[in-house]
Amino acid sequence: MKYYIIAGEASGDLHGSNLIKELKRKDAHADIRCWGGDKMEAAGGQVVKHIKDLAFMGFFEVLKHLGTILNNIEFCKRDILEYKPDVVILIDYPGFNFRLFKFLKQRQFPIFYYISPQLWAWKTSRVYKVKEYVDHMFVIFPFEKEFYARYGVAVDFIGHPLLDELKPAEALKPQAGSLFNTVAILPGSRKQEISYLLPEYLKVINDFPDYKFVVAGLSNIGEDFYRKLIGSARCEIVYDQTYALLEKSTAALVTSGTATLETALHNVPEVISYKGSWISYFIARALIKNIRFICIVNLICDARIVEELIQADVNKNRLIKELRKILSNEGRNEIIAGYDLLRTKLGNSGASERAADLMMKYLAK
């Protein structure tokens, strides 16, 4: 069968790569064309557009790049028509993928949506578009199944694919006064968010002389970009080694997104931050409804497991205060206990295999 998969961000590249592996394992003749990154390509997908040219964050940033986005959409439509896939699998990335719905439906391409956009958080009315155009949703959080079922959308909860990537980790014990204690800095996967947040994280370093700070960089962002932001700050940077870094980290400063869940599943206490342009922030505040938290760890547990700093609260004093808290034994133990609840809520591993099995089952019908 011929599969056309569209992912536009680093997390989509990771989950898309695992889905591709499972599809190829179960379908020896699988032909997969995709929008994604190095991981999807390594898994056997033919990448026609790379995520490094696709990830734009925030309303103002999207508006600035609207011409590029519209050109990409038209290219995508032509590419799909030429390829003639048996199914189109969309992975999150709603600003782009939703614009393909009508085109795909009119041409009778089956549409599977793997990893839901956060419709339960903002612009909930878009769920009616999903119901109209998407043949099946495959969701990774337990509360999402109830959300879609309430609107009559065909949906399966498959579990979170990160559980296949990570093994349960033992919480590291802090060694007071040791220069080998490491604080990981995970500034995000898009240049816009890195530009806003990495400089804020770097401001706390001199207040923690007994800790080594290491930035988790991405090679596709470019070394020069990071170096300009880091300057002479007392920290190191490693590229494409986020999991290895987390395995030896005592705590982490993390930008809101998939990395917050990855950090939690490594049992590393974290402080979560989100900061963007003020225009984007105020628009988001107006649109986001009915949620208490922005961090997926807190959303899944329906409790404040980790601290969230948003916009103006992302400043040196607050970051220092919250980092000191999670470096203490009491603060660490409290967060680790919350992570146990998180794992219970997420369910079992095997999400990518379940997704592939169900997709092939529905296509066979």
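Tryptophan 35 is buried, with a relative accessible area of 0% (buried means under 20% relative accessible area, exposed over 50%, partly exposed in between, with a 1.4 Å probe and protein chains only). Keep this residue in mind for the exercises.

The model is predicted, so local features need pLDDT of at least 70 and side-chain atom pairs count only at pLDDT 80 or more, while totals for chains, interfaces and linings use all residues. Residues are numbered from 1 along each chain as its sequence is written, and side-chain values use heavy atoms, leaving out hydrogens and water.

**Exercise 1.** Describe the surroundings of strand β8.

*Solution.*
- Step 1: locate the strand. β8 covers residues 181-186; helices (H or I, at least four residues) and strands (E, at least two) are DSSP runs, numbered from the N terminus.
- Step 2: check its burial. In β8, 6 of 6 residues are buried.
- Step 3: split the strand by face. In a regular strand the side chains alternate between the two faces of the sheet. Here Asn181, Val183 and Ile185 lie on one side, Thr182, Ala184 and Leu186 on the other, and all are buried.
- Step 4: find the neighbours. β8 runs parallel to β9 (residues 211-217), joined by 5 bridges, and parallel to β11 (residues 251-255), joined by 4 bridges. Two strands pair if DSSP finds at least two bridges between them.
- Step 5: name bridge partners. Valine 183 has phenylalanine 213 as its partner in β9, and alanine 184 has alanine 252 in β11.

**Exercise 2.** Find the aromatic pair that tryptophan 35 and phenylalanine 75 form, and place it in the chain.

*Solution.*
- Step 1: search the whole structure. This gives 17 aromatic pairs. Rings of Phe, Tyr and Trp (its six-membered ring) pair if their centres lie within 6.5 Å; planes under 30 degrees apart count as stacked, over 60 as edge-to-face and the rest as tilted.
- Step 2: read the geometry. Tryptophan 35 and phenylalanine 75 form a tilted pair, 6.0 Å centre to centre with 50 degrees between the planes.
- Step 3: place the partners. Tryptophan 35 is in strand β2 (residues 31-36) and phenylalanine 75 in helix α4 (residues 66-83), 40 residues apart.
- Step 4: compare exposure. Tryptophan 35 is buried, whereas phenylalanine 75 is partly exposed at 28% relative accessibility.
- Step 5: look around the pair. Trp35, Phe75, Tyr93 and Phe96 form one aromatic cluster.
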